[in-house]
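Got your viewer open? Here is a short walk through the model, one selection at a time.

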Amino acid sequence: MASGSSGRRTAGTRAKDSDRNDTCQILDTALAEGQLSMAEHGERVKTATHAATLGELQSLISDLQTAASPVQLPKLSTRRLPPISSAWGFRAAIAGVLVVLGIAIGWGLYGNTPSPLNFTSDPGAKSDGIPAKVLTPPRQLHSLGGLKGLLEQMKQKWGDTIGYSLTVYPDYASMERPDPTDDRRLLRYSYRGGWGDPSTSARDDRDVPVDLGAFDVPTVVGIMRGAPETLGIKADDVDNMYLSIDPNSDETAPPGSIDLTVYVSSEFGSGYIELNPDGTVKQINYPSN
């Protein structure tokens, strides 16, 4: 990494494709954590793919909590890190003492072995004769069986596939549905082998209930499989790919119709394909060069 003022990055520094891709990954994490709605996420991803400077990218994530993201954007601050002080060794020693003390206290409260460093198994853990029950929910959600299985899981839980939006990643999904007790709010669910407990947030005018399963599943699965090649991205370079299903943004479209978007991101650029429910293409946005 370059040192000195010439190596520092400012808000006006030109962004690279890797910076745009990192921003998309941060936005993906924010969506999964419930910080962004599907509509907000889609708008920010589209903006990120066309951003020219690091400042533009930072503005897309400045209001988000990004600690859990697998990547971070470069720091734009010019302050130097303080030198490592000799107090570090003292802090490490204190931390070690606290760890040992915690082990001893835990053993004293819950241990049933001769000493806290004796890790023999609990003598009460004997075979009880109960056979293992293996659960097999759909996991590979970008396959025909996985995507159909996900929609079937929705029908089993709610009796329909109605919602405001659905985002399907390779092995998990996120969905927003109407709150049956308050039409001013929506419920956000995550699917990881099953639909967990929902979080709630305020609903806005863009949140229109539609049938999220009303599309040609086999055709869309085929387009997802070919999306990297369609967008000129090598399959081995793909970092993330997901399918987003939302209310149709075309005001001339029939009420209740949906849009589908396949997003593909890599270290070398990101792009997306917008589809109609029958799998016909509305638009292809290739990665910027």
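Is strand S7 (residues 238–247) largely enclosed by the rest of the structure, or left open to the outside? Select those residues and look around them: eight of the ten are buried, so S7 is largely enclosed. Keep in mind as you go that this is a predicted model.

**Stop 1: the whole chain**

Zoom out for a moment. The chain has six helices and ten strands. It runs to 289 residues, and 39% of them count as buried. Now think about which parts of the sequence meet: among contacts between residues at least 6 apart in sequence, 57% join residues at least 24 apart.

**Stop 2: the neighbours of S7**

Go back to S7 and add strand S2 (residues 165–168). These two pair in the antiparallel sense, over three bridges. Pick out Leu-166 and you'll find it opposite Ile-245 of S7.

Next, add strand S8 (residues 258–266). S7 and S8 are also an antiparallel pair, this time over nine bridges. Stay on Ile-245: its bridge partner in S8 is Leu-260.

**Stop 3: the full sheet**

Time to show the rest of the strands in this sheet. It is an open sheet of eight strands, in the order S5-S4-S3-S2-S7-S8-S9-S10, with antiparallel pairing. At the edges stand S5 (199–202) and S10 (281–285); each has a single partner strand, so one side of each has no neighbour in the sheet. Turn the view and compare strand directions: neighbours are turned by 20° against each other on average, if you ignore which way they run.

While you're at the S5 edge, select strand S4 (residues 185–191) as well. S4 and S5 pair in the antiparallel sense over four bridges. For one of the contacts between them, click Arg-188, whose bridge partner in S5 is Ser-199.

**Stop 4: helices on the sheet**

Now bring in helix H6 (residues 217–230). H6 packs on the sheet and touches S7, S8, S9 and S10, and its direction makes about 135° with that of S7.

Then show H2 (residues 38–50). H2 lies across S2, S3 (173–178), S7, S8, S9 (269–275) and S10, running at about 130° to S9.

**Stop 5: H1 against H2**

Keep H2 on screen and add helix H1 (residues 17–32). How do the two axes sit relative to each other? They come within 9 Å and cross at roughly 175°, and H1 and H2 are therefore roughly antiparallel to each other.

To see what touches, show side chains. From H1, select Arg-20, Thr-23, Cys-24, Leu-27, Asp-28 and Leu-31; they meet Met-38, His-41, Arg-44, Val-45, Ala-48 and Thr-49 in H2. By class, this contact has six nonpolar, three polar and three charged residues.

**Stop 6: the tyrosines**

Last stop: aromatic rings. How many aromatic pairs does a search of the whole structure find? There are seven. One to look at is Tyr-169 with Tyr-172, a stacked pair with ring centres 4.4 Å apart and 10° between the planes. Both sit below the 20% cut-off for being buried: Tyr-169 has a relative accessible area of 2%, and Tyr-172 has 15%.

Finish by selecting Tyr-242, Tyr-263 and Tyr-272 along with Tyr-169 and Tyr-172: together they form one aromatic cluster.

Notes. Residues are numbered from 1 along each chain as its sequence is written. This is a predicted model: local features need pLDDT of at least 70, side-chain atom pairs count only at pLDDT 80 or more; totals for chains, interfaces and linings use all residues. Side-chain values use heavy atoms; hydrogens and water are left out. Axes are lines fitted to C-alpha atoms, for helices over the stretch in contact, and angles run from 0 to 180 degrees between N-to-C directions. Angles under 35 degrees count as roughly parallel, over 145 as roughly antiparallel, 65 to 115 as roughly perpendicular and the rest as oblique. Contact means heavy atoms within 4.5 Å. Ala, Val, Leu, Ile, Met, Phe, Trp, Tyr, Cys and Pro count as nonpolar, Asp, Glu, Lys and Arg as charged, and the others, Gly among them, as polar. Buried means under 20% relative accessible area, exposed over 50%, partly exposed in between (1.4 Å probe, protein chains only). Two strands pair if DSSP finds at least two bridges between them. Rings of Phe, Tyr and Trp (its six-membered ring) pair if their centres lie within 6.5 Å; planes under 30 degrees apart count as stacked, over 60 as edge-to-face and the rest as tilted.
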